[in-house]
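Thanks for coming, everyone. Let me put the sequence and the structure up, and then we'll walk through them.

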Number of protein chains: 2
Amino acid sequence: MKRSLEHIEYKENTEALARFAKALGHPTRIAILKHLENQSCCFTGDLVEVFPLAQSTISQHLKELKNAGLIQGELKPPKIKYCIDQENWKIAKTLFQQFFD
Amino acid sequence: MKRSLEHIEYKENTEALARFAKALGHPTRIAILKHLENQSCCFTGDLVEVFPLAQSTISQHLKELKNAGLIQGELKPPKIKYCIDQENWKIAKTLFQQFFD
DNA sequence: AATACTAATCGTACATTTACGATGGTGAAT
DNA sequence: ATTCACCATCGTAAATGTACGATTAGTATT
């Protein structure tokens, strides 16, 4: 990508907001989060049934959402229960609110 | 990307929200929009001075923001004045608000 | 018509994203 | 210890994203 070597200095929260936005930047991930908002929690397998995508693809999307901090996984053997990460969710909500005035 | 041929059917507004989010998914674009919110409007050249990026790179980011509908350009020869697209901005704001409850 | 200025677009290089199937790992139950 | 179910991760392929410099296009002004 021929990146500039030094890291650009952005204003406070700019990168955090961009990171959240990027995680939301795919319809499947939006749909997963909407699903989680309704159900409050769900298992990977549930999503695989809901969406016409491979299990690995769903898993990848979950990973990205987790990396962005928007969801968290809880071991519930033999499944994993995913829920909204309420704390970060609130942060994201606030950042978007501030951003849009 | 070995995409599924048929298009996945998402719920209302899911794709619109994802499209906005994707456009916001880069810190430079967030910064540009913040700048526009302060200044209300600005020229491409102004941004080139503000950010340590090539003119073509700024132009590309502006194009994406325009494609997403978040900004609009007005011919002000020999420059182009960019402003927030208030109408779509309101739509985006609403979509994010709804999404975060 | 020629010039000057601005910004878009082109061409390129490399990173990242998105999808799939295949494989590996973890915890429960047998 | 073996097996089963579930899910993560790996490997891969193709699309998209991000950056740059160089070129082109558009709009006054001369």
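Start with the contact between the chains. It takes 32 residues from chain B and 32 residues from chain A. Keep in mind throughout that this is a predicted model.

How much area do chain B and chain A bury between them? About 2,800 Å². Of that, 70% is on carbon and sulfur atoms.

What about polar pairing? Across the interface of chain B and chain A, there are 6 residue pairs in polar contact. The number of salt bridges across that interface is 0.

Now, which parts of chain B do the touching? Three helices of chain B each supply at least two residues to the side that touches chain A. They are helix 1, residues 14-23, helix 2, residues 27-39, and helix 5, residues 86-99. Helix 2 of chain B gives the most, with 8 residues. As for residue type, that side of chain B divides into 17 nonpolar, 7 polar and 8 charged.

Next, symmetry. A rotation of 180° superposes chain B on chain A. The shift along the axis is 0.0 Å, and the RMSD is 0.0 Å. So the relation is that of a two-fold axis. Which C-alpha of chain B is nearest the axis? That of B:Ala21, 2.4 Å from it. And the same surface serves both copies. In fact, 100% of the contact residues of chain B recur in chain A.

Let's take one chain by itself. Chain A has 5 helices and 3 strands. Read from the N terminus, the order of its elements is α-α-β-α-α-β-β-α. The C-alpha trace of chain A spans about 45 × 35 × 25 Å along its principal axes. Chain A has 101 residues, and 44% of them are buried. Now look at contacts in chain A with a separation of 6 or more. Residues 24 or more positions apart account for 53% of those.

On to the charges. Side chains of opposite charge can pair when their charged atoms come close. How many salt bridges are there over all chains? The count comes to 5.

Take A:Glu64 and A:Arg29. Their side chains meet in a salt bridge, 3.5 Å from N to O. A:Glu64 lies in helix 4 of chain A, residues 55-67, and A:Arg29 lies in helix 2 of chain A, residues 27-39. So this pair ties together parts that are 35 residues apart in sequence. Are the two partners buried or exposed? A:Glu64 has 40% relative accessibility, so A:Glu64 counts as partly exposed. A:Arg29 has 7%, so A:Arg29 counts as buried.

Chain B has this pairing too. B:Glu64 forms a salt bridge with B:Arg29, and the closest N and O atoms are 3.5 Å apart. Here B:Glu64 is in helix 4 of chain B and B:Arg29 is in helix 2 of chain B, 35 residues apart. The pair links distant parts of the chain. B:Glu64 is partly exposed, at 40% relative accessible area. B:Arg29 is buried, at 7%.

While we're at helix 4 of chain B, look at B:His61, which has its place there. Its relative accessible area is 10%, so B:His61 is buried. Which residues does B:His61 touch, leaving out those up to four places away in sequence? They are B:His26, B:Thr28, B:Arg29 and B:Ile32. Notice B:Arg29 in that list. That is the residue that forms the salt bridge with B:Glu64.

One more charged group in chain B. B:Lys81 forms a salt bridge with B:Glu74. The closest N and O atoms of that pair are 4.0 Å apart. The cut-off for a salt bridge is within 4 Å, so this pair is listed right at the limit. B:Lys81 is partly exposed, with a relative accessible area of 21%. The line for buried is under 20%, so B:Lys81 falls outside that class. B:Glu74 is partly exposed as well, at 36%. Which residues make up the network here? B:Glu74, B:Lys76 and B:Lys81 are linked by salt bridges.

To recap: the two chains are related by a two-fold axis. Their interface has 6 residue pairs in polar contact and 0 salt bridges. Within chain B, the B:Glu64 and B:Arg29 salt bridge links helix 4 and helix 2. That's it from me.

Terms used: Residues are numbered from 1 along each chain as its sequence is written. Chains are lettered from A and ligands numbered from 1 in the order in which they are written. This is a predicted model: local features need pLDDT of at least 70, side-chain atom pairs count only at pLDDT 80 or more; totals for chains, interfaces and linings use all residues. Side-chain values use heavy atoms; hydrogens and water are left out. Contact means heavy atoms within 4.5 Å. Buried area is the accessible area (1.4 Å probe) that two parts lose on being put together, summed over both. A polar contact is a pair of N or O atoms within 3.5 Å; within protein, one must be able to donate a hydrogen and the other to accept it, and residues adjacent in sequence count only if both atoms are side-chain atoms. Helices (H or I, at least four residues) and strands (E, at least two) are DSSP runs, numbered from the N terminus. Ala, Val, Leu, Ile, Met, Phe, Trp, Tyr, Cys and Pro count as nonpolar, Asp, Glu, Lys and Arg as charged, and the others, Gly among them, as polar. Copies are superposed by least squares on the C-alpha atoms of residues with pLDDT of at least 70 in both. Buried means under 20% relative accessible area, exposed over 50%, partly exposed in between (1.4 Å probe, protein chains only).
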